[in-house]
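Dear colleague,

Please find below the structure that I promised to hand over. My findings follow it, and I would be grateful if you read them with the structure open.

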Amino acid sequence: MTRAEQRPAPQDFDRVLSSMCTEPHPAAREAAVEFLADNPGDPATYPTVAELEREAVAALGDVVGLEDPHGYVGSGGTEANVQAVRAARDLADGDVNVVAPESAHFSFRKAADVLDVELRLAATDDDHRADVDAVADRVDGDTALVVGVAGTTEYGRVDPVPALADVAADAGARLHVDAAWGGFVLPFTDHDWSFADADVDTMTIDPHKMGQAPVPAGGFLARDPETLDALAVDTPYLESDAQPTLGGTRSGAGVAGARAALEALWPDGYRDQYERSQANAEFLAAELRDRGYDVVDPVLPLVAADVPDRELEAVREDGWRVSTTAGGDLRVVCMPHVTREMLASFLEALSEAGSV
Ligand code: 0PR
């Protein structure tokens with residue numbers, strides 16, 4: 001065997017239906033490789049990657065309806081959600097709580113843990129969206145942050161962001177929208193989710209998910225500069241004198257890759273991708289329903305269906321990477337690498353699994 005043959009190969013995406021990551025756009029891959037050694041955490045030493053980051057943040061502002069965005073490209077959605085909670089905690093007084101729907105990503109549990117704030121989870125409605133009354137019931141005078149999710153991890157649902165903004169405003173709390181996965185498809189839908197649609201203070205939107213950037217490239221955005229000021233610590237021995245990010249050394253590959261993906265794809269490439277992915281999700285949902293499974297309608301390109309464990313095991317043995325929701329439903333994320341042909345072949349594998 002030659003050395004090249006011995007080297008481990010990266011994951012082949014041909015049968016991956018479970019991931020919220022995807023193959024990066026070729027321009028993003030190329031840019032990432034070029035900037036592997038640059039550290040956007042030290043902008044004075046690495047001015048070019050720092051400029052690329054400003055461009056990436058400006059482009060993210062266009063995606064989320066924010067003219068003058070303040071933010072950065074970090075390690076992912078977890079970091080951005082932690083930072084949103086941290087900013088809200090530090091801008092409030094005393095012991096505070098955060099109110100989020102039960103559908104919120106588990107990164108909020110990490111945030112509450114490391115930041116020592118109380119996380120109050122509110123029930124979701126029959127369609128897996130945040131129930132506004134339930135959120136309002138959990139909110140009190142110590143609530144620093146209300147969270148809405150625009151594209152939930154398990155069912156791809158979009159919470160009623162303007163109504164959650166009203167609940168937050170009534171309580172004197174901030175509003176954070178987690179659009180980590182949904183942020184690059186929602187601009188092409190009629191949902192109200194963005195800074196332009198409601199009084200949103202901060203947002204998570206990840207280029208390394210639907211944005212087709214290489215990992216790691218997460219996005220944290222704020223409406224006001226005060227948010228980043230609240231997060232900043234002094235960095236006396238660096239040439240730049242303050243740092244609002246959670247990470248210190250950060251990925252130049254992530255920053256350059258995110259900026260290149262946005263340049264190549266916003267808006268037409270992302271719109272085409274959304275249309276393809278959504279059509280694929282609707283195709284899969286219809287085919288599964290025809291085969292007699294209970295299907296949760298795909299609001300965004302994510303399909304959930306009640307498929308027996310035995311069949312899931314069989315398709316897994318056949319090499320398919322599929323995941324399930326906490327309730328046990330099959331969950332297929334129609335990412336850019338998921339084609340109609342792949343879904344047709346997955347459906348065949350499922351039929352075979354069902355007939356044995
Ligand atoms: N917010 C939402 C709505 C998410 O779906 C996720 C991750 C996060 C925040 C956290 O983002 P990071 O993982 O970037 O910190 N959602 C997926 C999940 O946890 C991430 C994922 C990606 C899972 C690729 C599997 C995978 O192969 O399920």
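For the classes used here, Ala, Val, Leu, Ile, Met, Phe, Trp, Tyr, Cys and Pro count as nonpolar, Asp, Glu, Lys and Arg as charged, and the others, Gly among them, as polar. On that basis, the shell around the ligand has four nonpolar, 10 polar and three charged residues. Please note that this is a predicted model.

I begin with the ligand. It is surrounded by 17 residues, of which S19, T78, H105, T153 and D178 come nearest. Helix α4 (residues 77–91) supplies the largest share of this shell, namely three residues.

Three side chains have an N or O atom at a short list of distances from the ligand:
- T153: 2.7 Å from an oxygen atom of the ligand.
- H208: 2.9 Å from an oxygen atom of the ligand.
- D178: 2.6 Å from a nitrogen atom of the ligand.

On its own the ligand has 600 Å² of accessible area, and the protein covers 76% of this.

The second topic is helix α11 (residues 309–317), in which E311, L312 and V315 are buried. Viewed down the axis of α11, the buried residues fall within an arc of 100°, so they line one face of the helix. In general, an α-helix has 3.6 residues a turn, so residues three or four places apart point the same way. The buried residues of α11 pack against β12 (323–324), β13 (330–333) and α12 (340–355). On the face turned away from the buried side, D309 and E317 are exposed. Just after α11, G319 has a positive phi of about 100°.

Yours sincerely

Methods: Residues are numbered from 1 along each chain as its sequence is written. This is a predicted model: local features need pLDDT of at least 70, side-chain atom pairs count only at pLDDT 80 or more; totals for chains, interfaces and linings use all residues. Side-chain values use heavy atoms; hydrogens and water are left out. A residue is near a molecule or strand if one of its heavy atoms lies within 4 Å of it. A polar contact is a pair of N or O atoms within 3.5 Å; within protein, one must be able to donate a hydrogen and the other to accept it, and residues adjacent in sequence count only if both atoms are side-chain atoms. Accessible areas come from the Shrake-Rupley method with a 1.4 Å probe; for residues, only the protein chains shown count as cover. Helices (H or I, at least four residues) and strands (E, at least two) are DSSP runs, numbered from the N terminus. Buried means under 20% relative accessible area, exposed over 50%, partly exposed in between (1.4 Å probe, protein chains only). The arc is that of the directions from the helix axis to the C-beta atoms. Contact means heavy atoms within 4.5 Å.
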